[in-house]
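Student: I have a sequence and a model open. Can you walk me through the fold and the packing?

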Amino acid sequence: MILESFEFDASPLRIREVRSWAREQLAAAGDLPDEAITDIVLIVNELATNAVRHAAGPVRARLVRSDATIWVGVEDAGGAAWFDPAAPVSAPLGTGLTLVAACSRRRGHFHRGDGGRTVWAEIPVASQ
């Protein structure tokens, strides 16, 4: 199992760095299909954006790889409830978790003992 993490300030300006970090980590694995990398980077982007928009920082993105699965988690220090909103598909905002659901096998969230929250998604991957 491989674990990588990236801590960043809860600033919209840092989202680009989080995407770049995720893309670099996944490309370095050397055996992930391009489609899987694209989906995982999208998921990292959406979860990190939600944490920046609705929660307190600092924020940490995590990638964990097992045999055929990548687990993506974004941890924040708590704040407004934002997980699993009932936003209509046509809404200009609030559709990021719909994309996460479409690109992942499983997803969820949990509250940590320190008052923070982790929102996660699990993506199946097949080696090339």
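Tutor: Start with one small residue. This is a predicted model, and in it A48 has 0% relative accessibility, so A48 counts as buried.

Student: Which element holds A48?

Tutor: A48 is buried, at 0% relative accessibility. Its place in the chain is a helix, and that helix is α2.

Student: Which residues does A48 contact, leaving aside neighbours within four places in sequence?

Tutor: Contact here means heavy atoms within 4.5 Å. A48 sits in helix α2. Its contacts beyond four places in sequence are F8, I15, V18 and V74.

Student: How far apart in space are A48 and E75, C-alpha to C-alpha?

Tutor: In sequence, 27 residues separate A48 and E75. In space, their C-alpha atoms are apart by 8.6 Å.

Student: Step back. In what order do the elements run from the N terminus?

Tutor: The protein has three helices and five strands. Read from the N terminus, the order is β-α-α-β-β-α-β-β.

Student: What share of the contacts between residues at least 6 apart joins residues at least 24 apart?

Tutor: The protein has 128 residues, of which 43% count as buried. Take the contacts between residues at least 6 apart in sequence. The share that joins residues at least 24 apart is 62%.

Student: Now the core. Which element gives the most residues to the largest nonpolar core?

Tutor: That core has 31 residues, and F8, I40, L63 and V72 touch the most other members. At least two residues each come from β1, α1, α2, β2, β3, α3 and β5. The top contributor supplies 10 residues, and it is α2.

Student: Take V72. Which residues does V72 touch beyond four places in sequence?

Tutor: V72 is one of the core residues that touch the most other members. Some of its partners are I40, I43, V44 and L47. The rest of the list is R62, L63, V119, W120, A121 and I123.

Student: Back to the helices. Are α1 and α2 roughly parallel or roughly antiparallel?

Tutor: Their axes come within 9 Å and cross at roughly 150°. Angles over 145 degrees count as roughly antiparallel. α1 and α2 are therefore roughly antiparallel.

Student: Is the crossing of α1 and α2 left-handed or right-handed?

Tutor: The angle is roughly 150°. As α1 passes α2, the crossing is right-handed.

Student: How many residues of the contact of α1 with α2 are nonpolar?

Tutor: From α1 come I15, V18, R19, A22, R23, L26 and A27, and they meet I37, I40, V41, V44, N45, A48, T49 and V52 in α2. Two of these contact residues are polar and two are charged. The nonpolar ones number 11.

Student: R19 is in that list. Which residues does R19 touch beyond four places in sequence?

Tutor: R19 lies in helix α1. Its relative accessibility is 28%, so R19 counts as partly exposed. R19 and I40 are 9.4 Å apart, C-alpha to C-alpha. Beyond four places in sequence, R19 touches V41 and N45.

Student: What is the handedness of the crossing of α2 and α3?

Tutor: The axes of α2 and α3 come within 9 Å and cross at roughly 150°. That makes α2 roughly antiparallel to α3. The crossing of α2 and α3 is left-handed.

Student: How many residues in the contact of α2 with α3 are nonpolar?

Tutor: In α2, the contact uses D39, L42, I43, E46, L47 and N50, and in α3 it uses G96, L97, L99, V100 and C103. Two of the contact residues are polar and two are charged. The nonpolar count is seven.

Student: Now the loops. Is P33 buried or exposed?

Tutor: P33 is in the loop between α1 and α2. P33 and A126 are 93 residues apart in sequence, yet 7.1 Å apart in space, C-alpha to C-alpha. The relative accessibility of P33 is 16%, so P33 counts as buried.

Student: And G116? Which residues does G116 touch beyond four places in sequence?

Tutor: G116 is in the loop between β4 and β5. At 0% relative accessibility, G116 counts as buried. G116 and D76 are 40 residues apart in sequence and 5.5 Å apart in space, C-alpha to C-alpha. The residues that G116 touches are D76, A77, G78, F110 and H111.

Technical notes. Residues numbered from 1 in each chain as written. Predicted model: local features only at pLDDT ≥ 70, side-chain atom pairs only at ≥ 80, totals over all residues. Heavy atoms only, no water. Axes fitted to C-alpha atoms, helices over the stretch in contact; angles between N-to-C directions. Helix = DSSP H or I, 4+ residues; strand = E, 2+ residues; numbered from the N terminus. Parallel < 35°, antiparallel > 145°, perpendicular 65-115°, else oblique. Left-handed = near helix turned anticlockwise from the far one by under 90°. Nonpolar A, V, L, I, M, F, W, Y, C, P; charged D, E, K, R; others polar. Core = buried A, V, L, I, M, F, W, Y, C linked by side-chain atoms within 4.5 Å. Buried < 20%, exposed > 50% of the residue type's maximum accessible area, 1.4 Å probe, protein only.
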